[in-house]
Amino acid sequence: QVQLVESGGDLVQAGGSLRLSCAASRSIESFNVMLWYRQAPGKQRELVAGITRSGFTSYADSVKGRFTISRDNAKNTVYLQMISLKPEDTAVYYCNAGLATWRPTYAWGQGTQVTVSS
């Protein structure tokens, strides 16, 4: 098992920036991919970005060019840098890990709330 703790969410104005962090309780190098999801009120959880062990990244179309996922294996931490935030980015953001595929493997944590005001 692994515990994933998200942090860094805040209330920001449209156009602002935030960096989210996801700290893992064990080495993230054991996972094939690290994932960031988000869930807005009344909507399903959606995949925002992922980064593989080799550094390959993929993003949802809605965040391409604005969000950047990165990983620091030494700190067992994954980051999501978000710029040019929009009100529609408002959501609870969660991280997870995929062992062999891009499917989230572990129980969801508390997430971190991002609120973007217009």
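## Aromatic pairs

This predicted model holds 4 aromatic pairs. One of them joins Phe31 and Tyr106. Their ring centres lie 5.7 Å apart and their planes meet at 70°, so the pair is edge-to-face. The cut-off for that class is an angle over 60 degrees.

The Phe31–Tyr106 pair links distant parts of the chain. Phe31 sits in the loop between strand S3 (18-24) and strand S4 (33-39). Tyr106 sits in the loop between strand S9 (91-98) and strand S10 (112-117). The two residues are 75 residues apart. Both Phe31 and Tyr106 are buried.

## The Tyr37–Trp108 pair and its cluster

Tyr37 and Trp108 also form an edge-to-face pair, because their planes stand at 75°, with ring centres 5.1 Å apart. Tyr37 belongs to strand S4, and Trp108 to the loop between S9 and S10. The pair therefore ties together parts that are 71 residues apart in sequence.

How buried or exposed are Tyr37 and Trp108? Tyr37 has 10% relative accessibility, so this residue counts as buried. Trp108 has a relative accessible area of 31% and is partly exposed. Tyr94 joins in as well: ring pairs link Tyr37, Tyr94 and Trp108 into a cluster.

## Charges over rings

Tyr94 also carries a charge over its ring. The charged end of Arg45 sits there, 4.2 Å from the ring centre. A second arginine, Arg19, places its charged end over the ring of Tyr79. The distance from Arg19's charged end to that ring centre is 4.2 Å.

## The nonpolar core

Which residues touch the most other members of the largest nonpolar core? They are Trp36, Leu80, Met82 and Tyr93, out of 31 residues in this core. Several strands contribute: S3, S4, strand S5 (46-52), strand S7 (67-72), strand S8 (77-82), S9 and S10 each supply at least two residues.

Tyr93 has a long contact list, leaving out residues up to four places away in sequence. Among its contacts are Trp36, Leu80 and Met82. Tyr93 also touches Tyr37, the residue paired with Trp108. Further contacts of Tyr93 include Glu6, Leu20, Arg38, Val48, Phe67 and Val114.

## Ser21 in strand S3

Ser21 lies in strand S3. Its relative accessible area is 17%, so Ser21 is buried. The cut-off for buried is under 20%.

What does Ser21 contact beyond its neighbours within four places in sequence? The partners are Val5, Glu6, Ser7, Trp36, Thr77, Val78 and Tyr79. Two of these residues appear above: Trp36 touches many core members, and Tyr79 has the charged end of Arg19 over its ring. Glu6 is in contact with Ser21 and is also touched by Tyr93.

Terms used
Residues are numbered from 1 along each chain as its sequence is written. This is a predicted model: local features need pLDDT of at least 70, side-chain atom pairs count only at pLDDT 80 or more; totals for chains, interfaces and linings use all residues. Side-chain values use heavy atoms; hydrogens and water are left out. Rings of Phe, Tyr and Trp (its six-membered ring) pair if their centres lie within 6.5 Å; planes under 30 degrees apart count as stacked, over 60 as edge-to-face and the rest as tilted. Helices (H or I, at least four residues) and strands (E, at least two) are DSSP runs, numbered from the N terminus. Buried means under 20% relative accessible area, exposed over 50%, partly exposed in between (1.4 Å probe, protein chains only). A charge sits over a ring if NZ of Lys or CZ of Arg is within 6 Å of the ring centre and within 35 degrees of the ring normal. A nonpolar core is a set of buried Ala, Val, Leu, Ile, Met, Phe, Trp, Tyr and Cys residues joined through side-chain atoms within 4.5 Å. Contact means heavy atoms within 4.5 Å.
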